[in-house]
Structures are given as structure tokens and as C-alpha cells.
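Good morning, colleagues. Please take a moment with the sequence and the structure on the screen before I begin.

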Amino acid sequence: MTEIIINNAVQPKARLLLAHGAGAAANSDFMQLLAEQLALRGIEVWRFNFAYMQRMLDSGKRSLPEKLPALQQQYVAQLAKVNNDLPLFIGGKSMGGRVASMLTAQAKVQGVFAFGYPFHAPKKDSWRTEHFARLSCPLFIAQGERDVFGSACELLDKHWDYVEIYWLTDGDHDLKPRVKSGTTHMQLIIQAAQFCSREIDEILLANK
């Protein structure tokens, strides 16, 4: 795995360990833009690549993600590197958020943030939410309304304790809206960062 990529905040209120999705690395445009917006809001962001992604970057050859238990182990290994001087949150884009959501029992973690959660594979009815019943800290999800991995229509009647979904108008799985929506991709990334910041503020206030 790579060294941690850190986006420092001027006056950090919390730290977020952020993992990438299945197809794009920690330094992808989306991950960089999101990390920058979070840092502007006082959240220090630590990004890393899973082992398969680093192999792909190093070799230039396609590499598939490891199985979930291996990804969880790699995430926990990165958690062990994180300093304890700030309140700690974890999360990720898509697959990275799913992996993080399985680690809520980690002692230092105060909350989890998923940006585009993969509730199910596109056009499949096999849901990836069984572990939601066992969450031991809040899971916050910033989800595009048109996300083919779990749209607003599909989730209308779904509810889980400890899970809060913030819907981004007309966004897809990468939080991109259509041009006709009148909203830009950057605006939705900013909204996702604002949502994350607000929820962190509430948790920090409740823990005072």
C-alpha cells in the first residue's frame, strides 16, 4: 500500500481516513476534490490505496480488488498508523465506504462516511446492507439520487438505525448530475463535504 496522502486543515477539528472506490485510486480527481473541500471545513483527510490498486498503479496492469476480509485487514492496518490527537472518522468512496462501514467496532472510530454507497450491483437485487443491523457507530451516506447502485426511488422505504442518507440532487454514483439539472459536479461534491462537516460537528458537540 502507498504512503498516506494527507490534506491538512488550517484548524483541524477531526481526522477522516478515506479509502477509494473499486476503479479509481486515492489520487483520482474525485478523491482529490472531495479531500480538498473537506480540509477547507476543518477536516484533515488521510487517503491511501488498497494493495491491489497500488499494484495496478505500479505495474500498469489491471488488478481486481481483493476479497472483503483482505480489504478490511488493509484498512485496519492503515487505521493503526493514524495519530490519536484528533477525533477520528473513517469512510470512503463506494467500495471504500462499504469496507469502512464494516469497521465501526474499531475503538477509535466515532463515525463512518460513505460517498456513493454500493447498496447493490447495478440491476441486481442482492443488497449489501446485512451488516447495517450491527453498526456500533453512525454511518452517514452521501448518495446521488440517480445512483444505479442504490437510487432514491429504490431506498424510499428502507430504514436502518444508525444510518443517515443525504440525497444529492440528480447525482449519479460519482455524484455527477446531468447538465439539465442546472447543478454542477463540483457543487454536489461541496454539498457532500458540507454534509460530512455538519455531522462531525454534531458528534463532537454531543461528545463534549
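The sulfur of Cys196 lies 13 Å from the closest cysteine sulfur, which belongs to Cys137, and that is too far for a bond. Please keep in mind that this is a predicted model. Seen from the other side, Cys137 likewise has Cys196 as its closest cysteine by sulfur position, at 13 Å. A disulfide would require the two sulfur atoms to be within 2.5 Å. In the structure there are zero disulfides.

Are these cysteines buried or exposed? Cys196 has a relative accessibility of 0% and therefore counts as buried. Cys137 is buried too, at a relative accessible area of 6%.

Let me now turn to the overall architecture. The protein has five helices and seven strands. Read from the N terminus, their order is β-β-α-β-α-α-β-α-β-β-β-α. The radius of gyration is 16 Å, close to the 17 Å that the globule rule gives for 208 residues, so the protein is as compact as a globular protein of that length. Along the principal axes, the C-alpha atoms occupy a box of roughly 45 × 40 × 35 Å. Of the 208 residues, 50% are buried. If we take the contacts between residues at least 6 apart in sequence, 70% of them join residues at least 24 apart.

The next topic is the charged pairs. How many salt bridges does the structure hold? There are seven, and I shall discuss several of them.

I begin with Arg15 and Glu44, which form a salt bridge whose closest N and O atoms are 2.6 Å apart. Arg15 is in strand S2, residues 14–19, and Glu44 is in strand S3, so this pair ties together parts of the chain that are 29 residues apart in sequence. Both Arg15 and Glu44 are buried.

Arg15 also meets Asp85 in a salt bridge, with an N to O distance of 2.9 Å. This second pair links distant parts of the chain, since Arg15 belongs to strand S2 whereas Asp85 sits in the loop between helix H3 (68–79) and strand S4 (88–93), 70 residues apart. The two partners differ in accessibility: Arg15 counts as buried at 3% relative accessibility, while Asp85 counts as exposed at 56%.

A further salt bridge is formed by Asp174 and Lys93, with the closest N and O atoms 3.3 Å apart. Asp174 is located in the loop between strand S7 (163–168) and helix H5 (185–206), and Lys93 is in strand S4, so the pair ties together parts that are 81 residues apart in sequence. Asp174 is partly exposed, with a relative accessible area of 35%. Lys93, at 7% relative accessibility, counts as buried. Returning to the earlier pairs, Arg15, Glu44 and Asp85 are joined into one network by salt bridges that share partners.

I should now like to consider an arginine without such a partner. Arg47 is placed in strand S3, which covers residues 43–48. Arg47 is buried and yet has no salt bridge. Which side chain of opposite charge is nearest to Arg47, and how far away is it? The nearest is Glu36, at 6.4 Å. A salt bridge would need the nitrogen and the carboxyl oxygen to be within 4 Å.

What does the side chain of Arg47 meet instead? One polar contact, of 2.9 Å, joins the side chain of Arg47 to that of Asn7. In addition, a polar atom of the Arg47 side chain lies 2.6 Å from the backbone oxygen of Ala26. Setting aside neighbours within four places in sequence, the residues in contact with Arg47 include Glu3, Ile4, Ile5, Leu18, Asn27, Met31, Gln32 and Ala35, along with Asn7 and Ala26.

Ala26 appears again when we look at Asn49. This asparagine is found in the loop between S3 and helix H2 (51–59). Asn49 is buried, with a relative accessible area of 3%. The side chain of Asn49 reaches the backbone nitrogen of Ala26 at 2.8 Å. It also makes a polar contact of 3.1 Å with the side chain of Gln54. Thus the backbone of Ala26 is approached at its oxygen by the side chain of Arg47, and at its nitrogen by the side chain of Asn49.

Thank you for your attention.

Conventions
Residues numbered from 1 in each chain as written. Predicted model: local features only at pLDDT ≥ 70, side-chain atom pairs only at ≥ 80, totals over all residues. Heavy atoms only, no water. Helix = DSSP H or I, 4+ residues; strand = E, 2+ residues; numbered from the N terminus. Buried < 20%, exposed > 50% of the residue type's maximum accessible area, 1.4 Å probe, protein only. Lys, Arg positive; Asp, Glu negative; His and termini not counted. Polar contact = N/O pair within 3.5 Å; in protein donor to acceptor, adjacent residues only side chain to side chain. Contact = heavy atoms within 4.5 Å. Rg over C-alpha atoms; globule rule 2.2 N^0.38 Å.
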